Amino acid sequence: NGNQNTTEERVTEAILIHADIKESKLQVMLGRVALFGKVFRWLDFDGDGTLCLPEVLRMELLNIDLKLAADLMAFLDTDDSGEITWQEFVRGICTDEFSVLF
C-alpha cells in the first residue's frame with residue numbers, strides 16, 4: 001500500500017543518514033527482516049506475538065526434527081521465559097553463533 005511504502009522509504013532514508021551502511025546492504029537486511037517476519041508469523045499460530053515450544057515444534061513441518069527444534073527454542077529464548085519474542089527471534093538468528101550451531 002502507498003502509505004506503507006512511504007513509511008518504509010522514510011525509515012530506510014533515516015537509517016542511511018544516521019548509520020554507516022550502504023544502501024545495498026540495508027536492502028538485503030530489510031529483505032531478511034521481512035522473511036524472518038513471515039516465518040515468525042507462520043510459527044506464531046495463536047497470534048500472541050511470541051513463540052512457545054509447541055509453536056516452535058511446527059518447524060517439524062519444515063523437516064526440522066524435534067531435538068533441533070527444542071535446541072533452537074533453548075538458544076533463542078534468552079530470558080528463559082518459555083517463549084521467544086520477536087526481538088529474541090531476530091537477535092538470535094542474526095548471530096554468528098546461530099549460523100554455526102544451526
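Me: Which residues form one aromatic cluster together with F40?
Reply: This is a predicted model, and 4 aromatic pairs are counted in it. F40 pairs with W86, and F40 also pairs with F89. The cluster therefore joins F40 to two partners, W86 and F89.

Me: Are the rings of F40 and W86 stacked or edge-to-face?
Reply: A pair of aromatic rings is described by the distance of the centres and the angle of the planes. For F40 and W86 the centres are 5.5 Å apart and the planes stand at 75°. Planes over 60 degrees apart count as edge-to-face, so the pair of F40 and W86 is edge-to-face.

Me: How many residues apart are F40 and W86, and where do they lie?
Reply: F40 belongs to helix α2, whereas W86 belongs to helix α5, which covers residues 86-93. Their pair links distant parts of the chain. The separation of F40 and W86 is 46 residues.

Me: What is the angle between the planes of F40 and F89?
Reply: F40 and F89 form an aromatic pair with a centre-to-centre distance of 5.2 Å. The pair is edge-to-face, with an angle between the planes of 65°.

Me: Which helices does the pair of F40 and F89 tie together?
Reply: The two residues are 49 residues apart in sequence. Because F40 lies in one helix and F89 in another, their pair ties together parts of α2 and α5.

Me: Is W86 buried or partly exposed?
Reply: Within the cluster, F40 has 5% relative accessibility and counts as buried. F89 is buried too, at 6%. W86 has 28%, and buried means under 20%, so W86 counts as partly exposed.

Me: Where does R41 lie, and is it buried or exposed?
Reply: R41 sits in helix α2, which runs over residues 23-43. Its C-alpha is 9.2 Å from that of L51, and the two are 10 residues apart in sequence. R41 has a relative accessibility of 58%, and over 50% is the cut-off for exposed, so R41 counts as exposed.

Me: Which residues gather in a patch of negative charge on the surface, and where is D79?
Reply: The patch brings together D46, D48, D79, D80 and E83. D79 is partly exposed, at 49% relative accessible area. As for its place, D79 is in the loop between α4 (66-76) and β2 (83-85).

Me: What accessible area do the residues of the nonpolar patch on the surface have together?
Reply: This patch consists of L68, V100, L101 and F102. L101 lies in helix α6, residues 96-101, and counts as partly exposed at 48%. Together the residues of the patch have an accessible area of about 360 Å².

Me: Is L76 buried or exposed?
Reply: L76 is found in helix α4. Its C-alpha is separated by 18 Å from that of F45, which is 31 residues away along the chain. With a relative accessible area of 2%, below the 20% cut-off, L76 is buried.

Me: In what order do the elements of the protein run?
Reply: The protein has 6 helices and 2 strands. Its C-alpha trace spans about 45 × 30 × 25 Å along the principal axes. Of its 102 residues, 25% count as buried. From the N terminus on, the order is α-α-β-α-α-β-α-α.

Terms used: Residues numbered from 1 in each chain as written. Predicted model: local features only at pLDDT ≥ 70, side-chain atom pairs only at ≥ 80, totals over all residues. Heavy atoms only, no water. Patch = residues over 30% accessible without salt bridge, like charges linked within 9 Å, V, L, I, M, F, W, Y side chains within 5 Å. Areas by Shrake-Rupley, 256 points an atom, 1.4 Å probe, with all protein chains shown as cover. Salt bridge = Lys/Arg side-chain N within 4 Å of Asp/Glu carboxyl O. Lys, Arg positive; Asp, Glu negative; His and termini not counted. Charge placed at Lys NZ, Arg CZ, Asp CG, Glu CD. Helix = DSSP H or I, 4+ residues; strand = E, 2+ residues; numbered from the N terminus. Buried < 20%, exposed > 50% of the residue type's maximum accessible area, 1.4 Å probe, protein only. Phe/Tyr/Trp six-rings, centres within 6.5 Å; stacked < 30°, edge-to-face > 60°.
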